Amino acid sequence: MGPRYLLDAFFGLLRLGIATRFRLGAPYWAWRVETAFGTDPAHRPSIYRRMRLVLDYAAWTSRMRRLR
């Protein structure tokens, strides 16, 4: 996890936050959590694994925007 990855993740999360007006309870975020981790909390990964997956997703969104 290098500095480029962290910058991509930060800007990806910032862009998603701005797009959803930082309303983490909004339907988009509920849908993202459900599609990414399922509806059963017992089968979700640990909090550390989830945070890494969120960072991976955010970094991916930044890289995809750069490719446009």
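**Note on salt bridges, surface and pocket**

1. Helix 3 holds both Arg52 and Asp56, which sit 4 residues apart, about one turn of the helix. In this predicted model, their side chains form a salt bridge with an N to O distance of 3.2 Å. Arg52 is partly exposed at 35% relative accessibility, and Asp56 is likewise partly exposed at 28%.

2. The structure has 3 salt bridges. Arg4, Asp8 and Arg66 are joined into one network by salt bridges that share partners. Within helix 1, Arg4 and Asp8 are 4 residues apart and so separated by about one helical turn; their side chains meet at 3.8 Å, N to O.

3. Asp8 also forms a salt bridge with Arg66, at 2.8 Å, N to O. This pair links distant parts of the chain, with Asp8 in helix 1 and Arg66 in helix 3, 58 residues apart. Asp8 counts as buried because its relative accessibility, 5%, is under 20%, whereas Arg66 is partly exposed at 46%.

4. On the surface, Leu7, Phe10, Phe11, Leu14, Ile18 and Phe22 make a nonpolar patch of about 600 Å². Phe10 belongs to helix 1 and is partly exposed, with a relative accessible area of 48%.

5. The largest pocket encloses about 380 Å³ of space. It is lined by 16 residues, of which Trp29, Arg32, Val33, Phe37 and Val54 are the closest to its centre. At least two lining residues come from each of helix 1 (3-19), helix 2 (27-37) and helix 3 (47-67). The lining comprises 13 nonpolar and 3 charged residues, with no polar ones.

Technical notes
Residues numbered from 1 in each chain as written. Predicted model: local features only at pLDDT ≥ 70, side-chain atom pairs only at ≥ 80, totals over all residues. Heavy atoms only, no water. 1 Å grid on protein atoms, 1.4 Å probe; cavity = no way out; pocket = protein on both sides within 12 Å on 5 of 7 lines; lining within 4 Å. Points joined across faces, edges and corners; volume = space filled by probe spheres on them. Nonpolar A, V, L, I, M, F, W, Y, C, P; charged D, E, K, R; others polar. Patch = residues over 30% accessible without salt bridge, like charges linked within 9 Å, V, L, I, M, F, W, Y side chains within 5 Å. Areas by Shrake-Rupley, 256 points an atom, 1.4 Å probe, with all protein chains shown as cover. Salt bridge = Lys/Arg side-chain N within 4 Å of Asp/Glu carboxyl O. Buried < 20%, exposed > 50% of the residue type's maximum accessible area, 1.4 Å probe, protein only.
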